[in-house]
Amino acid sequence: MSAPSPSSGPPIIFDAARRAVRLSRAARRFPDADFLHLRAAENAVNSLEVILREFQTPVDLSPHPGVFARALADSPARERVAEVRAVGSTAERAAPGADPLGLEDGSADLIVNLLGLHWANDLPGALSQIRRALKPDGLFVASLFGAATLKELRGVLTEAELEVNGGAQARVSPFADGFDGAALLQRAGFALPVTDVDRVTVRYGDPFALMRDLRAMGETNVLAGPIRPLSRAVLARAAQLYAERHAEADGRIPATFEMVHLAGWAPHESQQKPAKRGSAKTRLADALGVREQTGEEG
């Protein structure tokens, strides 16, 4: 699949049809590898627990719907959140960035997306469409994988393929830099953006156990274009390199997952706004309890 010209839209990085197939195949095994999605759901629920307001029209756009609702059921926040509606087919949830699954503008007061937006070909566009689907003062809560995710696997697969084949194909998806989260939300029109980066290290007996979990999550390679299958020789060399470079004292290998948690509000006139420049009534030095220094002082 070739990328469209700049005038026709964003480049096509991911194959949405391939992603939908991966998700469908993963559905049966997903409960065996849902620990990262549960962690993301718990983070989203924790955010709702400190927001003392009701949400009457919550929507779940996550690729694996239901995880958020289960986490919410065990939280005091469940009394303030109406029944969560999961929308869209597997194919629609596989490709965030188109019209947000048929949601009308201003139709939801809470939208949740757990570990799905890193597959968006146009992440700023997907965030803008989600913001439009929110009612004024509606809340968006999401998690997506960040740049450090699977850094160990990315490195050994590339090196192994270069050694065995003399060339390497991208095998691990590119991920957004987590520290750009607040800027992405602001660019999409969200107010009061909040972002947090959560790095999780999962330890496995070998790289093949990691790959089984990735298949069960539906998180295997869906980059656009032809994908050359990995040969046994490349996989064996990658496993050897993984052990040589990263194995811990007990022989287990670490796999890094970086989760970027996002939260932002659809703008509303009632929201807190920064004070106008020059409107402060108290000097910063007085507020901090220190002596103000001028450029002439040593």
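This passage walks through the fold of one protein chain, from its overall make-up to its sheet, its aromatic pairs and its largest pocket.

The model described here is predicted. The chain contains ten helices and six strands. Of its 298 residues, buried ones make up 45%. A look at the contacts gives a feeling for how the chain is folded. Among contacts with a separation of 6 or more, 84% are between residues 24 or more positions apart.

A good place to begin is the sheet. The six strands form an open sheet with mixed pairing, and their order across the sheet is 2-1-3-4-6-5. Strand 2 (85–86) and strand 5 (191–204) are the edge strands, since each of them pairs on one side only. Strand 6, residues 253–265, runs antiparallel to strand 4 and is joined to strand 4 by seven bridges. Two of the residue partnerships can be followed by eye: S143 has H261 in strand 6 as its bridge partner, while F140 has G264 in strand 6. Strand 5 also runs antiparallel to strand 6, and twelve bridges join these two strands. Here R203 stands opposite P254 of strand 6.

Strand 6 deserves a closer look. Is this strand enclosed or open to the outside? Because 13 of its 13 residues are buried, strand 6 is largely enclosed by the rest of the structure. The side chains of a regular strand alternate between the two faces of the sheet. In strand 6 both faces are covered. On one side, I253, A255, F257, M259, H261, A263 and W265 are all buried, and on the other side so are P254, T256, E258, V260, L262 and G264.

Helices also pack against the sheet. Helix 2 (residues 35–49) lies across strands 3, 4, 5 and 6, and its direction makes an angle of about 30° with strand 6. Helix 5 lies across strand 3 and strand 4, running at about 145° to strand 4.

The aromatic rings offer another view of how parts of the chain come together. Across the whole structure there are four aromatic pairs. One of them is formed by F14 and W119, an edge-to-face pair with 5.2 Å from centre to centre and 80° between the planes. This pair links distant parts of the chain: F14 belongs to the segment before helix 1 (16–26), whereas W119 sits in the loop between strand 3 (108–114) and helix 5 (123–133), 105 residues apart. Are these two rings buried or exposed? F14 counts as buried because its relative accessibility is 6%, under the 20% cut-off. W119 counts as buried too, because its relative accessibility is 4%.

Another pair is made by F145 and F175. The ring centres are 6.3 Å apart and the planes of F145 and F175 meet at 70°, so this pair is edge-to-face. Distant parts of the chain are linked here as well, with F145 in strand 4 (residues 134–145) and F175 in the loop between helix 6 (151–165) and helix 7 (181–187), 30 residues apart. F145 and F175 are both buried. Together with F257, they form one aromatic cluster. F257 is one of the buried residues of strand 6.

W119 appears again in the surroundings of A94. A94 is part of helix 4 (residues 90–94). With a relative accessibility of 2%, A94 counts as buried. Which residues does A94 contact, leaving aside its neighbours within four places in sequence? The contacts of A94 are A16, R19, A20, L23 and W119. The C-alpha atoms of A94 and R18 are separated by 8.9 Å, although these residues are 76 residues apart along the chain.

Finally, there is the empty space to consider. Rolling a probe the size of a water molecule over the atoms shows where such space is left. The largest pocket holds about 690 Å³ of space. Its lining consists of 28 residues, and those nearest the centre of the pocket are M211, R215, T220, N221 and L230. Helix 1, helix 6 and helix 8 (207–217) are the elements that give two or more residues to this lining. Which element provides the largest share of the lining? That share, five residues, comes from helix 8.

Key: Residues are numbered from 1 along each chain as its sequence is written. Side-chain values use heavy atoms; hydrogens and water are left out. Rings of Phe, Tyr and Trp (its six-membered ring) pair if their centres lie within 6.5 Å; planes under 30 degrees apart count as stacked, over 60 as edge-to-face and the rest as tilted. Helices (H or I, at least four residues) and strands (E, at least two) are DSSP runs, numbered from the N terminus. Buried means under 20% relative accessible area, exposed over 50%, partly exposed in between (1.4 Å probe, protein chains only). Two strands pair if DSSP finds at least two bridges between them. Contact means heavy atoms within 4.5 Å. Axes are lines fitted to C-alpha atoms, for helices over the stretch in contact, and angles run from 0 to 180 degrees between N-to-C directions. On a 1 Å grid over the protein atoms alone, a cavity is a set of points where a 1.4 Å probe fits but cannot get out, and a pocket is an open set with protein on both sides within 12 Å along at least five of seven lines; lining residues have an atom within 4 Å of a point. Grid points are joined across faces, edges and corners, and a volume is the space filled by probe spheres set on the points.
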